[in-house]
Amino acid sequence: MAAIEIDGLTKQFGDVVAVNDLNLRIKEGEIFGFLGPNGAGKSTTIDILLDFIRPTSGAVRVLGHDAQREGEFVRRQIGVLPDGYQVYNRLTGRQHLEFVLEMKDVNEDPDALLERVRIADAADRKAGGYSKGMRQRLMLAMALVGDPNLLVLDEPSTGLDPNGAREMREIIREENQRGTTIFFSSHVMEQVEAVCDRVAIIDRGELVTVNSIDGLRDATETGEVLYVDVAELNNMSIEEVTRIDGVRTASIDDGRLRVTVADASKFVVLNAINANVIPVQDFSVVESSLEDLFVRYTNHAQEVQI
Ligand SMILES: Nc1ncnc2c1ncn2[C@@H]1O[C@H](COP(=O)(O)OP(=O)(O)OP(=O)(O)O)[C@@H](O)[C@H]1O
């Protein structure tokens with residue numbers, strides 16, 4: 001059984017087609033990243049999955065149940081970390097969990113849940129005094145009540161510092177190792193790259209690709225970026241590099257020449273730069289980050305947020 005099955009999903013808001021004939025299968029046990037630039041249709045898809053809004057056409061099954069006809073049942077089966085959450089400032093961390101435990105009629109130790117998200121030592125503090133990262137972990141602990149088989153995380157690392165984001169990744173991995181399927185939306189490329197088994201990229205409501213990170217790299221013409229140290233860079237030399245056979249893009253990145261290569265040897269390109277444009281002092285080859293791939297797939301460089 002797939003954890004999530006999305007079939008021919010379309011959602012229109014008046015003239016705006018937010019999601020257009022989306023088909024997607026998320027397997028049980030996966031960590032699945034749902035990526036797309038702003039306005040791509042990620043939140044709309046998640047809202048349909050949770051039956052907060054109804055699709056124009058198409059169907060969604062979550063853990064084998066129809067998300068629309070059995071919406072309430074589905075919501076009880078899954079844990080959700082919503083985007084734009086709010087804590088109750090005057091309640092402690094433990095009180096937040098006690099509230100959810102009672103609502104869901106679940107008998108679990110709130111402290112053990114807080115331990116899982118590493119804020120057990122702040123159990124008796126009021127959540128109003130928690131940092132952003134601690135609030136996010138508290139929300140995650142609330143999502144973990146009842147040990148759901150599926151976690152839906154909407155932008156789980158937004159606003160977290162690098163340590164907070166790393167810890168969030170570790171918690172996600174730990175929960176996945178307990179057998180939980182994880183579906184998370186993000187436009188934080190590094191986060192997705194570090195933790196996901198597979199990703200789907202959507203753009204303007206349409207599925208652009210679904211693949212593993214390595215698969216995405218293999219499917220593009222080149223998975224590598226060439227960084228070249230040269231004495232002096234200007235727009236003229238960038239122009240000239242762009243005209244070299246096999247060069248797909250050339251730009252200036254942090255004082256270095258950044259070149260992506262298509263259907264050509266990197267060394268042939270390097271030689272051509274050295275011989276015909278500007279002497280090469282040093283170079284390095286870096287595998288494409290998911291961000292590079294994302295930009296290539298969606299062609300919306302300006303909309304990528306990190
Ligand atoms: N209630 C609504 N009424 C009208 N248009 C809407 C509504 N909700 C979403 N849209 C439109 O649908 C499209 C998809 O929006 P959605 O919020 O799903 O994108 P997203 O991928 O989650 O974006 P972001 O990363 O910015 O949160 C956008 O063009 C948006 O303006």
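**Figure 1. A look at helix α1 and who is buried in it.** Lys42, Ser43, Thr44, Thr45, Ile46, Ile48 and Leu49 are the buried residues of α1 in this predicted model. That makes seven of the eight residues of the helix, so α1 is largely enclosed by the rest of the structure. Step just past the end of α1 and you meet Asp51, whose phi is positive, at about 60°.

**Figure 2. The open sheet that α1 packs on.** Here we have four strands in the order β2-β1-β4-β5, paired in the antiparallel sense and forming an open sheet. β2 and β5 (65-66) sit at the edges, each with pairing on one side only. Over at the β5 edge, β4 (residues 57-62) and β5 run antiparallel and share two bridges. Look for Val62 here: its bridge partner in β5 is His65. As for α1, it packs on this sheet and touches β1 (2-13), β2 and β4, with its direction at about 115° to that of β1.

**Figure 3. The shell around the ligand.** Which residues surround the ligand? Going along the chain, they are Phe13, Val16, Ala18, Gly36, Asn38, Gly39, Ala40, Gly41, Lys42, Ser43, Thr44 and His187. Two elements, β2 (16-27) and α1 (42-49), each supply two or more residues to this shell. The top contributor is α1, with three residues. By character, the shell splits into seven polar residues, four nonpolar and one charged. Lys42, Ser43 and Thr44 deserve a second glance, since these shell residues also appear among the buried residues of α1.

**Figure 4. Two loop residues with positive phi.** What is the phi of Asp147? It is near 50°, a positive value in a residue that isn't glycine. To find Asp147, go to the loop between α5 (132-143) and β7 (150-154). Asp147 has 13 other C-beta atoms within 10 Å, so it counts as partly exposed. On to Glu155, also not a glycine, with a positive phi of about 50°. Glu155 belongs to the loop between β7 and α6 (162-177). Is Glu155 buried or partly exposed? Partly exposed, because it has 19 C-beta neighbours inside 10 Å, while the cut-off for buried is 20 or more.

**Figure 5. Zooming out to the two domains.** The chain is divided into domain 1 (2-218) and domain 2 (221-287). How far apart do the C-alpha centres of domain 1 and domain 2 lie? They are 40 Å apart.

**Figure 6. Strand β13 and its partners.** β13 (residues 256-261) pairs with β11 (residues 224-230) in the antiparallel sense, over four bridges. In that pairing, Val225 stands opposite Thr260 in β13. β13 also pairs with β12 (residues 247-253), again antiparallel, and here the count is six bridges. Ser251 is a handy landmark, standing opposite Arg258 in β13. β12 and β13 form a hairpin with two residues between the strands, and in this hairpin Asp254 takes a positive phi near 55°.

Key
Residues numbered from 1 in each chain as written. Predicted model: local features only at pLDDT ≥ 70, side-chain atom pairs only at ≥ 80, totals over all residues. Near = placed C-beta within 6 Å. Nonpolar A, V, L, I, M, F, W, Y, C, P; charged D, E, K, R; others polar. Domains from an automatic or database assignment. Pairing = 2+ DSSP bridges. Buried ≥ 20, exposed ≤ 12 C-beta atoms within 10 Å, placed from the backbone. Contact = placed C-beta atoms within 7 Å. Axes fitted to C-alpha atoms, helices over the stretch in contact; angles between N-to-C directions.
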